[in-house]
Every structure is written in structure tokens, then in C-alpha cells.
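Student: I would like to go through the charged pairs and the nonpolar surface of this model. Please show it first.

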Amino acid sequence: MNPERYTRQTRLQGFGEAGQQKLADAKVLVIGAGGLGVPVLQYLSGMGVGTIGIVDNDVVDISNLQRQILYSENDLGQSKVEIAKQKLTELNSEIEIITFPTFISTENALEIIANFDVIVDASDNFPTRYLVNDTCVILKKPLIYGALHAFEGQVSVFNFKGGPTYRCLFPEMPNPEEIPDCNENGVLGIIPGIIGSLQALEAIKVITGIGETLSGKLLLLDGLNQSQQKIKFGLNPKNLEIKELQKSYEFSCATEVKSIEAEAFLKKWNSENIQLVDVRNPEEVERQNLPEIQRKDWKNIPLSELQEKSSKIDLQKPTYFLCQSGMRSLKAINLLEGLKIYGDFVDVKGGMNAISELTATTKHS
Amino acid sequence: MKILLFGVAKDIVGNQVLEEPSFKAKNVAELKQELITKYPEFAKLSSLAVAVDEKYACDDRSISAENEIAIIPPVSGG
């Protein structure tokens with residue numbers, strides 16, 4: 001190791017060689033290599049965290065580049081974890097990067113998270129956030145939380161030294177129609193850069209013991225007026241009593257919606273004359289789509305236009321709804337039923353993400 | 001009563017701060033009800049954290065005109 005590498009931080013009083021050694025010994029898992037994950041990964045790598053795990057199954061898309069500035073135009077279409085590993089190794093070849101080219105799920109969460117000391121939630125959806133929280137509670141791992149909404153962000157440290165958890169703030173997952181997600185709602189490029197950097201700082205504090213972490217405090221930032229609030233919150237001990245993961249972290253709906261697993265859907269798609277309504281935005285469709293779309297009964301009606309264009313749907317045919325993660329397709333069915341438009345509606349669980357996992361697996365085998 | 005709004009709550013009201021002298025709520029539960037009456041879209045928010053004077057508050061926490069309230073819905077973006 002080049003002794004010059006970390007001198008700017010080892011000469012800091014209260015950090016020193018001891019702090020650097022703690023970083024070198026630490027194993028940090030970053031869940032999500034997107035807007036929040038990128039700055040977390042860059043700073044933790046640069047500062048010398050010895051082992052960094054990255055979980056993500058996305059590929060680099062042109063619409064990522066306004067905020068995910070680890071990636072460049074040459075990387076479009078390539079695996080985020082692979083590109084991240086390559087670039088972070090260029091930044092610091094003395095650390096180990098372990099890639100998990102998958103989305104975190106009830107099947108793999110316990111196994112992956114068990115191998116790390118500190119977990120960073122840099123995901124972008126509620127099901128993942130609740131799954132990661134519950135796994136960290138079961139395995140007693142500190143969780144560095146960051147999340148965004150438009151020009152605002154939230155940061156906290158959960159499950160650290162007996163402190164409160166995500167469920168102490170937000171006990172139950174909201175319904176899908178309550179809160180818009182990033183794809184629908186938009187995000188100003190710099191905001192995840194700021195929130196992710198704050199998460200990296202909290203991770204460093206948790207590892208080295210310097211300063212005071214945000215355990216028991218929720219930091220709220222508003223980028224538009226540069227205001228900050230710190231909300232104190234306490235532990236509800238029952239939130240530490242989680243002994244096993246829920247069977248599913250998918251959204252549950254007030255109205256019962258019929259759904260189909262991605263694998264069963266693909267079979268139907270390939271063999272039957274079904275109608276598919278893709279409620280993603282055209283850019284998302286452009287980036288990633290099903291095979292043989294032209295010869296099928298396929299319609300792209302973004303969720304935001306569904307109300308006005310609902311007459312395009314042939315209500316006589318079984319209709320499958322698809323989106324990127326399975327969230328908006330549920331909203332779509334709820335929306336139509338709210339408008340008293342009824343048909344044989346089926347939600348494709350997990351959306352394009354689940355389908356691409358399947359097709360990727362088939363390719364490898 | 002000064003109410004600070006975050007996330008989708010800010011979008012519903014259309015402003016970051018809500019000064020509402022007409023609100024008579026004596027506790028957090030009553031305040032949520034008054035918000036729903038004035039802005040019906042609040043009714044669909046099942047999961048909402050409320051802070052009184054920068055401290056997380058349960059439904060039965062009493063409030064008065066001097067308190068600063070923050071309405072904090074969960075956010076998921078990343």
C-alpha cells in the first residue's frame with residue numbers, strides 16, 4: 001500500500017491510522033448502483049473501505065447519466081455492477097469489489113447481507129427498502145438509509161447499537177397509489193449526489209466510530225431552499241422482534257388484483273393470443289422490451305395517459321399489464337377499476353425486471 | 001400553527017409551509033383529520049410520519065398553536 005494514499009485523512013485528529021485500519025477491515029454492502037449508490041461507491045472506494053459489495057441487476061441507460069456520473073456514454077447497455085467494479089478498481093486497486101448481478105429478493109437477501117458489516121440502502125423502491133430493513137434487523141446489521149423525492153432527500157442510520165429501525169419511522173409499506181416513484185416523478189441530478197454522499201459519510205462514521213451518527217435522527221433536506229431539519233425518533237422495541245422475512249414484499253392492494261409470475265407470463269406471451277398493455281414510458285420501452293413485439297397484440301399506454309386512452313384496450317380479450325418493476329401495472333389496474341372499467345385484467349409480477357432476470361438466466365444456461 | 005410539508009405532502013398542498021390559524025386540532029390524530037378535510041388527497045396516505053417540534057409524534061401527542069409540525073411521508077426514490 002502506498003503510504004501517501006490516505007495521508008489527507010490519516011493526519012486528521014480523531015481519525016488517524018486507527019480509523020484508516022478500521023476502513024480497511026470493513027465490509028460494506030451497497031444495495032443499488034444507481035443515483036444514490038454511485039456516490040456511496042465512489043467515496044467508500046476512494047477512502048479505502050477494504051471490501052465493497054455491490055448489488056444491482058440493471059444496465060446503464062442514457063437516462064441514468066444526468067445523475068449516475070460513474071458511468072459514461074461508452075457504457076450504455078452494459079451491466080452496472082461490472083462497469084462500477086472496473087471503474088472503482090481504476091480509482092483504488094487496493095480494495096476488493098464483489099459484484100452481485102441480481103436484484104435483492106427474499107431468496108437471496110439473508111445470504112448476501114450476512115457477509116457484510118454495514119449495509120447501505122441505495123435502492124429506489126419500497127419493497128426493497130422494507131426487505132432490506134427486515135433482513136438487517138434479523139442479522140443485526142447497521143443500515144445506512146437514504147431516499148429521494150424530487151428536490152428533497154432523507155438520510156438516517158437504522159438498527160445501530162440498539163437504535164430505531166426503518167419501521168420505527170414508517171411502520172408499514174405504503175400502498176402503490178400513494179407515493180409516486182422516481183421514474184414517474186423525476187429527480188434533479190445533483191440531489192442523489194448529495195444524499196448518497198451523506199450516506200457515505202454516515203457509513204464512515206459507523207465503521208470508525210468518529211462523530212455522532214444519524215441513529216435515532218431523520219435528516220430531511222430540501223435542495224430548493226437549502227433547508228435542513230433533523231427529526232428525533234425512538235425505538236419501538238417490537239420492530240426488533242422480526243425473526244423471519246415476510247413471504248413477499250410485493251405491494252398488496254386494497255382491491256384484489258389477479259397476477260401472474262413472469263415465467264408463466266412469458267409462456268403465454270409466446271404461445272397465446274393475449275393482449276399486453278405496457279404502461280411504461282416510451283423511453284423505458286425503447287431501452288428494454290419483450291421479444292417479437294411486432295407480431296403480437298401489444299400496446300404502449302404510459303400510466304399517465306391511461307385514463308384518456310383507456311378505450312384503446314380491447315375489453316373482450318384477457319389483458320396483461322406490464323411495467324418496469326410491477327408497481328405501475330398494479331396502479332394501472334386499480335385506476336381502470338376505479339373508473340369502473342372492468343375486464344379480465346392480469347398484473348405481470350415484477351414487470352420487465354423479473355422478465356429480464358429470467359431471460360438472462362436462460363441465456364447463461 | 002406552522003406546518004412544514006415534505007415529499008408528496010408538499011405536492012398535495014402546493015407549498016412547503018402551511019400556516020393554518022383555523023386549525024383547532026388538539027392532537028396529531030385530529031390534525032391529520034383536519035388536513036384531510038381541507039385537502040382530501042391526504043386521505044390516501046396510509047403511511048405518514050408526523051413530527052412536533054422536531055420530534056417524532058404519535059397520534060395521541062397533544063399539540064397547540066405554538067408547535068411547529070412537520071408532515072413527513074415516506075419517499076422511495078434513489
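The questions below take up salt bridges and then a surface patch.

Tutor: This is a predicted model, in which local features need pLDDT of at least 70, side-chain atom pairs count only at pLDDT 80 or more, and totals for chains, interfaces and linings use all residues. Residues are numbered from 1 along each chain as its sequence is written, chains are lettered from A and ligands numbered from 1 in the order in which they are written, and side-chain values use heavy atoms, with hydrogens and water left out.

Student: How many salt bridges does the structure hold over all chains?

Tutor: A salt bridge is a side-chain nitrogen of Lys or Arg within 4 Å of a carboxyl oxygen of Asp or Glu. Over all chains, the count is 21.

Student: Is Asp75(A), the partner of Lys87(A) in a salt bridge, buried or exposed?

Tutor: The two side chains meet at 2.7 Å, N to O. Lys87(A) lies in helix α4 and Asp75(A) in the loop between β2 and α4, twelve residues apart; helices (H or I, at least four residues) and strands (E, at least two) are DSSP runs, numbered from the N terminus. Buried means under 20% relative accessible area, exposed over 50%, and partly exposed in between (1.4 Å probe, protein chains only). Because its relative accessible area is 6%, Asp75(A) is buried.

Student: What is the relative accessible area of Arg129(A)?

Tutor: Arg129(A) forms a salt bridge with Asp121(A) at 3.1 Å, N to O. Asp121(A) counts as buried, at 2% relative accessibility. Arg129(A) is also buried, its value being 0%.

Student: Which residue of chain B is linked with Glu152(A) and Asp222(A) in a network of salt bridges?

Tutor: The network holds two acidic residues of chain A, Glu152(A) and Asp222(A). Their partner in chain B is Lys10(B).
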